[in-house]
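Please open the model in your viewer and keep the sequence panel beside it. This tour goes from one selection to the next and says what is found at each stop.

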Amino acid sequence: MTEPVNDDLDDEPAEPVRPRRRGIYILPNLFTLGALFGGFYAIVMAMNGRFENACIGIFCAAVLDSLDGRVARMTNTQSAFGEQMDSLSDMVSFGAAPALIVYEWALKGLGKAGWIAAFVYCACAALRLARFNTNIGVVDKRYFQGLPSPAAAAIVIGFIWVLDDAGYKGVSVLPVLPWVAFSVALYAGLTMVTNVPFYSFKDVSFKRSVPFIVIVAIALGIAVINIHPPAVLFGLFCVYGLSGYVIYAMRKAKGKPVSVIATSTDEPDERGLH
């Protein structure tokens, strides 16, 4: 005999399934918040005329920004929230902050030309970050498309740090230096929105073993930086800021494609870019 089926159970409404609340990974976002604080701290210091502290704040933000993504990948804590947070932090620390600092340090003495140069740098940083986010899936991971915003900020801030350390005060009222700062800000800003390839160092893995000489070289590099941090760091980033044009010229001379954008996976020259 078959038991009777209770039809009343079928009429009961199904209990709605609540979507799982999505959390936020703490570790990588702590680095991002630290970078954001570095940019905010730099702005506050510049407003108070303490430009050396402002420069240190930007360089600390650059170090923290270089770590948050690697920490997220190493701990498998990548998230869409973290990507958006990183972009917003970069816009403050490497876009708005350097523009405001260089304006306060030198460009305000140039009148309208000064704030235009500062705005061009800030706008180029925003455009560069927006392009990076939209092209992230079609760019050769070995290269950046244009000068990355932390390096651009390091060039502008490094220039300020070197001269401030050399004893130049009240630069905005001097006859020549404000125009040099004007040129540096425009160069850094416009280079961010070019298609010139800059090596990204993303293929460097910290999980692989390296020869002993690499550790020795890193120790020597740290020692050299400590000889005179403003001049050494500014020099390193100036070299990096010119390296993209050297790569561009070498590729052009050899007849190789200079774009780091892959438009099709079927093209032989674009294999491996996706």
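Begin by selecting Lys-202, which is partly exposed because its relative accessible area is 40%, a value that falls between the 20% limit for buried and the 50% limit for exposed. Keep in mind throughout that the model you are looking at is predicted. Lys-202 sits in the loop that links strand 2 (197-199) to helix 7 (212-227). If you now show what surrounds this residue, leaving aside its neighbours within four places in sequence, you will find Lys-202 in contact with Arg-70, Phe-132, Lys-141 and Phe-144. Add Tyr-143 to the selection as well: although Tyr-143 and Lys-202 are 59 residues apart along the chain, their C-alpha atoms are separated by 8.2 Å.

Next, move to Thr-191, which belongs to helix 6 (residues 177-192). Is Thr-191 buried or exposed? Its relative accessible area is 1%, so Thr-191 is buried, since the limit for that word is under 20%. When neighbours within four places in sequence are left aside, the residues in contact with Thr-191 are Gly-146, Leu-147, Phe-198 and Tyr-245.

For the third stop, select helix 3 (residues 80-105) together with helix 5 (residues 149-165), whose axes come within 9 Å and cross at roughly 30°. That angle makes helix 3 roughly parallel to helix 5, because angles under 35 degrees are counted in this way. The crossing of these two helices is left-handed. To see the contact itself, show the side chains on both helices: helix 3 contributes Asp-90, Phe-94, Pro-98, Ile-101, Val-102 and Trp-105, while helix 5 contributes residues including Ser-149, Pro-150, Phe-159 and Leu-163. Sorted by kind, the residues of this contact are 12 nonpolar, 1 polar and 1 charged.

Now colour the stretches that the unreviewed UniProt entry annotates as "transmembrane region", namely residues 24-44, 113-131, 143-164, 176-198, 210-227 and 233-250. In the model, residues 24-44 are 90% helix and 0% strand, with their end C-alpha atoms 29 Å apart. Residues 143-164, by contrast, are 73% helix and 14% strand, and here the end C-alpha atoms are 33 Å apart.

Finally, zoom out to the whole protein chain, which has 8 helices and 2 strands, arranged from the N terminus as α-α-α-α-β-α-α-β-α-α. Of its 274 residues, 38% count as buried. Among contacts between residues at least 6 apart in sequence, 78% join residues at least 24 apart.

How values were computed:
Residues numbered from 1 in each chain as written. Predicted model: local features only at pLDDT ≥ 70, side-chain atom pairs only at ≥ 80, totals over all residues. Heavy atoms only, no water. Axes fitted to C-alpha atoms, helices over the stretch in contact; angles between N-to-C directions. Helix = DSSP H or I, 4+ residues; strand = E, 2+ residues; numbered from the N terminus. Parallel < 35°, antiparallel > 145°, perpendicular 65-115°, else oblique. Left-handed = near helix turned anticlockwise from the far one by under 90°. Contact = heavy atoms within 4.5 Å. Nonpolar A, V, L, I, M, F, W, Y, C, P; charged D, E, K, R; others polar. UniProt positions renumbered as here; feature names shortened; annotations may be inferred. Buried < 20%, exposed > 50% of the residue type's maximum accessible area, 1.4 Å probe, protein only.
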